[in-house]
Every structure is written in C-alpha cells, then in structure tokens.
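This briefing covers protein–DNA contacts and annotated sites. Please read it alongside the sequence and the coordinates.

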Amino acid sequence: MPELPEVENVRRGLAELVIGKTVKDIQILWSKIVVNPDEVFLDGLVDRQIIGVDRRGKYLLIRFDHDLTVVSHLRMEGKYEVDDQSAPVTKHTHVIFEMTDGTQLRYLDTRKFGRMQLIETGQEMTVAGLKTLGPEPTPATFDVHQFYQALQKHHKAIKPLLLDQKVVSGLGNIYVDETLWLSQIHPETPADLLTQAEVQKLHDDIITELQLAINSGGTTVNTFLNATGHAGAFQEMLHVYGKKGEPCERCQTPIEKIKVAQRGTHFCPHCQIRKEAR
DNA sequence: AGCTGCTCCTGGTCGC
DNA sequence: TGCGACCAGGAGCAGC
C-alpha cells in the first residue's frame, strides 16, 4: 500500500515523465474514482498543461496551468503509468489522460479505492482529507512538543493515532509497525501513557524511518511500482512487518501478529512491552 | 469531542 | 476441482 515514501517516489517519477505534457482528452472508465462530476473534470482539464507534481502527506497534487490542481490519493493500490496510446489498456485502468504527444497518463487501481478531484490551485484546504492533515514528518515541520501534546489528549492505543493523518501525516500500516518496533513501544499502549522521552524517540524514529524509506525508493509489497516502473528496495529493510514467527532482530523472540483497531499489527512481545493503565 | 464501526472493492486464501 | 466465505485495508463519514 502506498504510504508517504511510496507516494513521494511516485511524485518524482511523474514529475520526470509528465511535466510539460498537455491534455488532449480524458477517458473516465470508472466514474467513482473522480470526485467531481465527469463533465466538470473533463471540461476543466482538456487543453491544460501539466506544470508540476507536488505531494502533501499521501496526497499527490498534479499541477496544471490556469491554476488547476488534481488532488489524487492512491489509497491501497492506485498507481500511475505513462504509456504510448497504442499500449493495450488493462482491466484495472480507470482514468486515461490522453496527451497531445501521443502518450497517455493512466491511473490503475485494482480495488478502485483511490480518488482524484479537480480543484482550483490554492483551494487545497477545501478537500476533506487535506484540510485536517497533520504536519509532514520532517525536522522542519514535525514539532515534538505539539506531538506530545496531541498524544496526551488521547487515551486510545498509540497505533490508530499514528494512522490518523491529523496527528502526523504520511504513516500507514507498514511504517507504523516499523517505527513502533524501532521505538520499542507496544502498539496498544494508551497514547497518554507515553513519557516525553518515549515520544521524543518515536518522533525521531518516524522522521528517520520515512526519510530512509524515501531514499530506498519505497517499499514494494505485492506489486507496488513507482510511475517509472521501478520497484522499491525498502522491503528488505523491514524489521517486523510481514515477519510473523520470525525472530526479532534485537532479542530473537518470534514476532507476533495481532489485531489493533481492526488492523493487522506486527510487533515483538519481548522488546515492545505494553504499559497498563495507571 | 472522542471514538467505533461501516463503506468502498477485488484478488487471494482457506475449508469443505 | 469448484465454490463460497472471509480477509486485507486508507480515509471519509455516520452515529453514539
């Protein structure tokens, strides 16, 4: 599933492949992918040129001239491809941007969970998920004191809070499990029981882990490829995700898989000790 | 206001 | 072998 590092790699690939191209026509093959009415989306984008590709959290922001932006969220399995118009269209292709140069930017999504929406550039805050999005997990934007304050307000498990994009943006199921293992925090620990020192380490681990994953090209689980068709390498650096039954790298205790807030959760039962309510 | 549970989807896996 | 049941899960939303 694309999380921040994967989306960032898609962004870089797309920027390389589509900036400067102009839309000639658009085919919407599965209407629910596009939030706007089809005609609004088409009328707005035909004849527009792509001038940039930005990212905020897990959202891609494809910039067009005339102050237009397509906000695109890949959710579980969304991906972009740039193909020649003669390349066969596969059954999971849902939106096709036909370009004036004969290439096509195609959006593919096996589960059809992804969404894209046309907005006026600068109106990003009108998009539901973007208006409440938490800080980017970088040293310049992710403030540890605000993070601590946010966690103090909640008594529910730390894991679902990290998945909540309002607290910090960009983490998904894989990187939450990984960072909690790095910080030696049990995923079910109530957020307000974490000490300042633990929150500091968690904060630092989130930043370094996501940066490392971005630099590795992201994690390739199942079939994730970035827009240029390259697989990431970060899956080779995972410590707990998908490693149920394998020995923990720190203490050799077998990794366990449990459910936390309806999500498959991997952790080491020896070095991630659960705190009980006081 | 915080939290839970439901919804969207399809491919893969499991049991019979 | 075939088929149905069930699971995976990000985020938006309804409802308590």
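A polar contact here is a pair of N or O atoms within 3.5 Å; within protein, one must be able to donate a hydrogen and the other to accept it, and residues adjacent in sequence count only if both atoms are side-chain atoms. By that criterion, a side-chain N or O atom of Arg 111 is 3.2 Å from a base oxygen of DNA strand B.

The model is predicted: local features need pLDDT of at least 70, side-chain atom pairs count only at pLDDT 80 or more, and totals for chains, interfaces and linings use all residues. Residues are numbered from 1 along each chain as its sequence is written, chains are lettered from A and ligands numbered from 1 in the order in which they are written, and side-chain values use heavy atoms, with hydrogens and water left out.

**DNA strand B**

- The residues around DNA strand B (near means that a heavy atom of the residue lies within 4 Å) include Trp 30, Lys 32, Lys 91, His 92, Arg 111, His 154 and Gln 262.
- Sugar or phosphate makes up 70% of the strand B atoms within 4 Å of the protein, and bases make up the rest.
- Two histidines approach phosphate oxygens of DNA strand B through polar side-chain atoms: His 92 at 3.0 Å and His 154 at 2.3 Å.
- The surface near DNA strand B comprises 2 nonpolar, 5 polar and 5 charged residues, where Ala, Val, Leu, Ile, Met, Phe, Trp, Tyr, Cys and Pro count as nonpolar, Asp, Glu, Lys and Arg as charged, and the others, Gly among them, as polar.

**DNA strand C**

- DNA strand C is surrounded by 16 residues, of which Tyr 59, His 73, Arg 75, Arg 111 and Lys 259 are the closest.
- Of the strand C atoms that come within 4 Å of the protein, 70% are sugar and phosphate.
- Phosphate oxygens of DNA strand C lie 2.6 Å from a polar side-chain atom of Tyr 59 and 3.2 Å from a side-chain N or O atom of Lys 58.
- The side chain of Arg 75 places an N or O atom 2.9 Å from a base nitrogen of DNA strand C.
- By class, 6 nonpolar, 5 polar and 5 charged residues form the surface near DNA strand C.

**Annotated binding site**

- An unreviewed UniProt entry annotates His 92 and Arg 111 as "binding site"; such annotations may be inferred rather than shown by experiment, feature names are shortened, and positions are given in the numbering used here.
- These residues span 20 residues in sequence, yet no two of their C-alpha atoms are more than 8.4 Å apart, so they gather at one spot.
- His 92 is partly exposed at 27% relative accessibility, and Arg 111 is partly exposed at 47% (buried is under 20% relative accessible area, exposed over 50%, partly exposed in between; 1.4 Å probe, protein chains only).
- Beyond four places in sequence, Arg 111 is in contact (heavy atoms within 4.5 Å) with Met 76 and Glu 77, and a 3.4 Å polar contact joins the side chains of Arg 111 and Glu 77.

**Annotated active site**

- The "active site" annotation, from the unreviewed UniProt entry, covers Pro 2, Glu 3, Lys 58 and Arg 263.
- Pro 2 is buried, because its relative accessibility is 5%.
- Lys 58 is also buried, with a relative accessible area of 13%.
- Contacts of Lys 58 outside four places in sequence include Pro 2, Glu 3, His 73 and Gln 165.
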